[in-house]
Amino acid sequence: MRRFTLVQSAVVLATTFVAWRFAASWLVAVVGAAFLGAFVSMHAGRYTPDGRFGAANAVTALRVGLVVALCAYDSVGPLSSAVVVGFSALDGLDGWIARRAPATASDFGARFDMETDALFVLAFGVKLVEVGRLGAFMILPGVLRYAYAGGIALAPGLGEAPRSRLGRFIAGIMMTSLAVSAWPLEPVFQPLAAVATALVVFSFARSTVQSLSRA
């Protein structure tokens, strides 16, 4: 998995640069989704304790499709905002299913869910920049996730920082910012996006310190 993560991070980051330069957010979404497809294939038979793919993972797979659909759509507006809200609601649903049916919960499912969130933040951030809704700073939160994961994979002695309540809170702020930016709700969306980005930078700086301290 370290090798896979390293390749995934490098390719997605390179694709992000190309997508930003050529206003092609769909490219990030498609490449990221392809890596998630490879990730799913690598874990065949180990999706859940009984080996089945499971309802929670099926919901996550649907969310991957929403990422691609959002970035393939020509414009950003109220419909996009509704899809972002739906994406977040489905995120809660797959977690609820996993908690209600522990036999469907697994390390694969947790990683699949996290990678889907990461792809969404990156690809839709590029989309918002592409349509001129926000400045290039909005790409930074998504880039940081892949840079952090790649750094962990590159340095075997480092461990990934544990997920925390603070991290989940900041992720919620970021999702809210993306939904508001898609509408957009004047004059809220730009300041909210700036605050969300700053919080994500802080979160990854904190995670990096924790990872270094565990080396």
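**Exercise 1. How do helix 2 and helix 3 cross?**

At roughly what angle do the axes of helix 2 and helix 3 cross, and within what distance do they come?

*Setting the scene.* This is a predicted model, where local features need pLDDT of at least 70 and side-chain atom pairs count only at pLDDT 80 or more, while totals for chains, interfaces and linings use all residues. Residues are numbered from 1 along each chain as its sequence is written, and side-chain values use heavy atoms, with hydrogens and water left out.

*Step 1.* Find the helices, which are DSSP runs of H or I with at least four residues, numbered from the N terminus. Helix 2 covers residues 25-42, and helix 3 covers residues 55-72.

*Step 2.* Take the axes, lines fitted to C-alpha atoms over the stretch in contact, with angles from 0 to 180 degrees between N-to-C directions. The axes of helix 2 and helix 3 come within 8 Å and cross at roughly 165°. Helix 2 is therefore roughly antiparallel to helix 3 (angles over 145 degrees count as such).

*Step 3.* List the contacts (heavy atoms within 4.5 Å). From helix 2 come Ser25, Trp26, Ala29, Val30, Ala33 and Leu36, and from helix 3 come Val64, Val67, Val68, Cys71 and Ala72.

**Exercise 2. Study the loop between helix 1 and helix 2.**

Find what stands out about the phi of Ala23, and describe its setting.

*Step 1.* Ala23 sits in the loop that links helix 1 (2-21) to helix 2.

*Step 2.* Its phi is near 50°, a positive value in a residue other than glycine. For comparison, most residues other than glycine have a negative phi.

*Step 3.* Ala23 has a relative accessible area of 41%, so it counts as partly exposed (buried is under 20%, exposed is over 50%, and partly exposed is in between, with a 1.4 Å probe and protein chains only).

**Exercise 3. Check the length of helix 8.**

Work out why the span of helix 8 agrees with its number of residues, then find what its buried residues pack against.

*Step 1.* Helix 8 (residues 189-213) has 25 residues. The expected span is 1.5 Å times one less than the number of residues, so helix 8 should span 36 Å.

*Step 2.* The end C-alpha atoms of helix 8 are 36 Å apart, which agrees.

*Step 3.* Among the buried residues of helix 8 are Phe189, Ala193, Val200 and Phe204. The buried residues of this helix pack against helix 6 (140-154) and helix 7 (165-182).

*Step 4.* Look at Phe189: its relative accessibility is 3%, so it counts as buried. Leaving out residues up to four places away in sequence, Phe189 touches Arg133, Leu134, Val180, Ser181 and Pro184.

*Step 5.* Pro184 belongs to the loop between helix 7 and helix 8. The peptide bond from Trp183 to Pro184 is cis, with omega near -15°. By contrast, most peptide bonds are trans.

**Exercise 4. Place Ser81.**

Decide whether Ser81 is buried or exposed, and find what its side chain reaches.

*Step 1.* Ser81 lies in helix 4 (residues 78-100).

*Step 2.* With a relative accessible area of 7%, Ser81 is buried.

*Step 3.* The side chain of Ser81 reaches the backbone oxygen of Ala179 at 2.8 Å. This fits the limit for a polar contact (a pair of N or O atoms within 3.5 Å; within protein, one must be able to donate a hydrogen and the other to accept it, and residues adjacent in sequence count only if both atoms are side-chain atoms).

*Step 4.* Ser81 touches Ala179, Ala182 and Trp183, not counting residues up to four places away in sequence.

Key
Helix = DSSP H or I, 4+ residues; strand = E, 2+ residues; numbered from the N terminus. Parallel < 35°, antiparallel > 145°, perpendicular 65-115°, else oblique.
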